[in-house]
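Here is a short set of exercises to work through with the model open beside you. Try each task before reading its solution.

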Amino acid sequence: MANENKLQDIIGHCKEYGYVFQSSEIYDGLSAVYDYGQYGAELKKNIRDYWWRSMTQMHDNIAGIDAAIFMHPTVWKASGHVDSFSDPMIDNKDSQKRYRVDHLIEGYAETLEKGTGDALIAKMEQLLADNNLTGIKELIEEHKISCAISGTCNWTDVRQFNLMFATQLGSVAEEANEIYLRPETAQGIFVNFLNVQKTGRMKIPFGIAQTGKAFRNEIVARGFIFRMREFEQMEMQFFVRPGTQKEWYDYWKEVRMKWHLSLGISAENFRFHDHIKLAHYADMACDIEYDFPMGFKEVEGVHSRTDFDLSRHQEFSGKKLTYFDTEINKHYVPYVIETSIGLDRTVMMVLSDAYKEEDLSTEEKKDSRVVLSLPPMLAPIKLAVLPLTKKDGLPELAKELIDECRPYFKCFYEEKDSIGKRYRRQDAIGTPFCITIDHQTKEDRTVTIRHRDSMTQERIPLDSVRALIVEKTKMF
Ligand code: ATP
């Protein structure tokens, strides 16, 4: 269920605690572009590492690469992005506001009774599938769908708007070439298919994974870091023998869903959404959707891309991109199953799931806390070490512990304010464990460990801390 207040609370929390800032904020920001702060950058990196290791370390047959953002312009002709990577848009002539027509119609459908709304969406999907832009405009006019700003129905025609950012390679004086900022990382994998296969002596089935920035000129960018113009993807292309794609598609759907569940998020917050209208390259496709504060939305796509991409690159480059399968003594262009997940959307999913406002009031006193119950393996800081006082040698003991732990995981030291306040600050950042050093530590080398989620505390030997936190925060 959509919960706009929760979204606003999460956005506010992210800013207050150094997770996500608007880009160029001192200049009033740049729309749909965000910067990660000190904790956001750590969380994002940990998610990226977890994905990377799940792919390249936990599978013998998946190799990781790091291809450039800039690619030869013909890549985007071959992939179909120049001709068909576009969204149909419409402008309101009075407010000058531009809308993606599917968002405009979907927004209106939500205000209708379910049956009527669903019928409208079905009609829209059919018109979009037929590429009938005149029909879409007629549908908007027929339902008198108006602009939220001007309130009028004074619309332009519906036009296709390409989402790729173009820029110039080379100096202006020379013949500069127009190139694109990549709108997906996948093509860097396709063009390196043979390089990796040959140098890694990979045998089909095998995968190539990579993470990296992608850029899309999203017209209606909304939902915080859910839809950005510059974002990061984590993609894996799995090359298989033609005819076996269904079995591998099912396999990867299951593996990827298990990965999401391994983040400690409950199964009821996920669902598969099968694509009815398939992209030009796909023979099967689905999304893994998470129940964001705005409702169920895509976080990852699993696509069976056939041999479309490799065949097109073969055609456009004139280079052979076939594989010789020794088991069946045959050359062929492999089929591909793709898993494609947005890193920023995963950050948002993890934050949405972790963010909790808890009422801790007792009969005597009102109390509450905000806690980020992040999976310990993803938390930006694994351990906060807090001396009870600033004197009596307690800070020295705390720093000794930090020096011992620092090479293994990220620690945080704080001596200001009461212990209670310090715990609450760590709760808000999502630190799973706090260690308090007190006077008893000096006598018997024991410390108090406080657990973020249960808020329980226990006494443990100082010398056991490092091994315990390593164990509790490990990824595998
Ligand atoms: P949507 O329908 O939401 O626009 P898409 O189907 O175009 O997404 P894909 O092209 O399949 O998305 O990209 C794979 C993944 O990349 C998506 O599942 C999503 O997590 C992420 N992604 C795509 N566009 C954006 C964006 N503008 N901002 C953040 N993440 C994005």
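A cavity is a set of grid points where a 1.4 Å probe fits but cannot get out. Keep in mind that this is a predicted model.

**Exercise 1. The enclosed space**

Find how many cavities of 30 Å³ or more the structure holds, and list the residues that line the largest cavity.

Solution. Start with the count: there is 1 cavity of 30 Å³ or more. Next comes its size, and the volume of the largest cavity is about 40 Å³. Finally, look at the lining, which is made up of Lys-203, Ile-204, Tyr-323, Asp-325, Thr-326 and Glu-327.

**Exercise 2. The cysteines**

Work out how many disulfides the structure holds, and decide why Cys-405 and Cys-411 are not bonded.

Solution. The number of disulfides is 0. Take Cys-14 to begin with: its nearest cysteine sulfur belongs to Cys-434 and is 20 Å away, and Cys-14 is in no disulfide. Now turn to Cys-405, whose closest cysteine sulfur is that of Cys-411, at 4.9 Å. A disulfide needs the two sulfur atoms within 2.5 Å, so 4.9 Å is too far for a bond. As a last step, check burial, for which the relative accessible area must be under 20%. Cys-14 is buried because its relative accessibility is 1%, and Cys-405 is buried as well, at 0%.

**Exercise 3. Paired rings**

Classify the ring pair Phe-193 and Phe-206, then do likewise for Phe-238 and Trp-248.

Solution. Altogether there are 18 aromatic pairs. For Phe-193 and Phe-206, the ring centres are 6.0 Å apart and the planes differ by 10°, which makes the pair stacked. Phe-193 belongs to helix H9 (residues 193–199) and Phe-206 to strand E9 (residues 206–215), so their pairing ties together parts 13 residues apart in sequence. Both rings belong to buried residues: Phe-193 has a relative accessible area of 0%, and Phe-206 has 0% too.

The rings of Phe-238 and Trp-248 have centres 5.0 Å apart, and with 55° between the planes the pair is tilted. Here strand E10 (residues 230–240) supplies Phe-238 and helix H10 (residues 245–261) supplies Trp-248, so the pair ties together parts that are 10 residues apart in sequence. Phe-238 is buried at 2%; Trp-248, at 19%, also counts as buried.

To finish, follow the ring pairs outward from Phe-193: they link Phe-190, Phe-193, Phe-206 and Phe-239 into a cluster.

**Exercise 4. Charges over rings**

Identify which ring lies under the charged end of Lys-97, and which lies under that of Arg-305.

Solution. The charged end of Lys-97 sits over the ring of Tyr-99, at 5.5 Å from the ring centre. For Arg-305, the ring belongs to Tyr-281, and the distance to its centre is 4.0 Å.

**Exercise 5. Two residues in helices**

Decide whether Lys-44 is buried or exposed, and do the same for Thr-441; then list what each one touches.

Solution. Lys-44 is part of helix H2 (residues 38–57), and its 9% relative accessibility makes it buried. Beyond its neighbours within four places in sequence, Lys-44 contacts Tyr-36, Glu-232, Leu-343, Asp-344 and Val-347.

Thr-441 sits in helix H15 (residues 439–444) and, with 1% relative accessibility, is buried. Leaving out residues up to four places away in sequence, Thr-441 touches Leu-397, Thr-436, Thr-446, Val-447, Arg-459 and Leu-462.

Methods
Residues are numbered from 1 along each chain as its sequence is written. This is a predicted model: local features need pLDDT of at least 70, side-chain atom pairs count only at pLDDT 80 or more; totals for chains, interfaces and linings use all residues. Side-chain values use heavy atoms; hydrogens and water are left out. Buried means under 20% relative accessible area, exposed over 50%, partly exposed in between (1.4 Å probe, protein chains only). Rings of Phe, Tyr and Trp (its six-membered ring) pair if their centres lie within 6.5 Å; planes under 30 degrees apart count as stacked, over 60 as edge-to-face and the rest as tilted. Helices (H or I, at least four residues) and strands (E, at least two) are DSSP runs, numbered from the N terminus. A charge sits over a ring if NZ of Lys or CZ of Arg is within 6 Å of the ring centre and within 35 degrees of the ring normal. Contact means heavy atoms within 4.5 Å. On a 1 Å grid over the protein atoms alone, a cavity is a set of points where a 1.4 Å probe fits but cannot get out, and a pocket is an open set with protein on both sides within 12 Å along at least five of seven lines; lining residues have an atom within 4 Å of a point. Grid points are joined across faces, edges and corners, and a volume is the space filled by probe spheres set on the points.
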